[in-house]
Amino acid sequence: MTHPVQQLPEAMKALWALKASLEHQGVDAATLILIELRASQINGCGACVDMHARDGLKHGDSAERLFAVAAWREAPYFSDAERAALALTEALTRISDRPESVSDEIWNEAARHYDEKALSALVLAIANINVWNRLNVAVRQPVGKWKV
């Protein structure tokens, strides 16, 4: 099937506008890329894993950090704020994996590092990448072929 956002270009504009609206809202660009990469890994979206790893390199992040995102808990490369964002990303991406998808512990740790505006941007960014992952997985979007 043709990618849904090609069939409904206004939807693509809306998703890109949402992403743009989240920039400069208290979550640094590197963290936004990390959460996009981590959610994409969880969701098995090869196109997004490839895209966001490349974005990270292009924006100056190290290959070492990007390679370690899947094992961020064991890797020494991430700040406490990044770890909180990654934990929240995993919880919101895997909402059916546990009875309390976002525990108070995860939420409170994120709130310790991000004010309400930044936390709002973070939650919306996680939701947005999950939408893109689901669209790309549904149509089996090939890695490196940016048709969307």
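This passage walks through a predicted model, starting with three residues of one helix and moving on to two other helices and a pocket.

A good place to start is helix H3, which covers residues 29-43. Thr 31 sits in this helix. Is Thr 31 buried or exposed? Its relative accessibility is just 3%, and anything under 20% counts as buried, so Thr 31 falls on the buried side. Setting aside neighbours within four places in sequence, Thr 31 touches Glu 82, Ala 85 and Tyr 114. Two of these partners, Glu 82 and Ala 85, turn up again among the buried residues of H6. Thr 31 also shows how folding brings distant parts of a chain together: Leu 122 is 91 residues away in sequence, yet the two C-alpha atoms are 9.1 Å apart in space.

Further along H3 comes Glu 36. This residue has a relative accessible area of 8%, so it is buried too. What does the side chain of Glu 36 pair up with? The partner is the side chain of His 52, in a polar contact of 3.1 Å. Apart from its close neighbours in sequence, within four places, Glu 36 is in contact with Lys 19, His 52 and Ile 129.

Ser 40 belongs to H3 as well. With a relative accessible area of 0%, Ser 40 is buried. Its side chain makes a polar contact of 3.0 Å with the side chain of Asn 133. Once neighbours within four places are left out, the contacts of Ser 40 are Cys 45, Cys 48, Val 49, His 52, Ile 129 and Asn 133. His 52 and Ile 129 are therefore contacts of Ser 40, which is itself buried at 0%, and both also appear on the list for Glu 36.

Next up is H8, residues 116-138. Does its length fit what a helix should give, or not? Its 23 residues, at 1.5 Å a residue, should span 33 Å, and the end C-alpha atoms are indeed 33 Å apart, so the two agree. The N-terminal end of H8 has a cap: a side-chain oxygen of Asp 115 lies 3.2 Å from the backbone nitrogen of Lys 117. Just past the helix, Arg 140 takes a positive phi of about 55°. The buried residues of H8 include Leu 122, Ile 129 and Asn 133, and the cover over its buried residues includes H1, H2, H3, H4, H6 and H7.

Helix H6 spans residues 80-93, and the same sort of check works here: 14 residues should span 20 Å, and the end C-alpha atoms are 20 Å apart, which agrees. H6 is mostly covered, with 11 of its 14 residues buried. Among those buried are Arg 83, Leu 86, Leu 88 and Thr 93. The elements covering them include H3, H5, H7 and H8.

Finally, there is some empty space to look at. Rolling a probe the size of a water molecule over the atoms shows where such space is left. The largest pocket has a volume of about 240 Å³. Which residues lie nearest its centre? Of the 14 lining residues, these are Lys 19, Glu 23, Ala 29, Leu 32 and Ile 33. H3 and H8 each supply at least two residues of the lining, and H3 gives the largest share, with 4 residues. The lining is a mix: 6 nonpolar, 3 polar and 5 charged residues.

Note on methods
Residues are numbered from 1 along each chain as its sequence is written. This is a predicted model: local features need pLDDT of at least 70, side-chain atom pairs count only at pLDDT 80 or more; totals for chains, interfaces and linings use all residues. Side-chain values use heavy atoms; hydrogens and water are left out. On a 1 Å grid over the protein atoms alone, a cavity is a set of points where a 1.4 Å probe fits but cannot get out, and a pocket is an open set with protein on both sides within 12 Å along at least five of seven lines; lining residues have an atom within 4 Å of a point. Grid points are joined across faces, edges and corners, and a volume is the space filled by probe spheres set on the points. Ala, Val, Leu, Ile, Met, Phe, Trp, Tyr, Cys and Pro count as nonpolar, Asp, Glu, Lys and Arg as charged, and the others, Gly among them, as polar. Buried means under 20% relative accessible area, exposed over 50%, partly exposed in between (1.4 Å probe, protein chains only). A polar contact is a pair of N or O atoms within 3.5 Å; within protein, one must be able to donate a hydrogen and the other to accept it, and residues adjacent in sequence count only if both atoms are side-chain atoms. Contact means heavy atoms within 4.5 Å. The expected span of a helix is 1.5 Å times one less than its number of residues.
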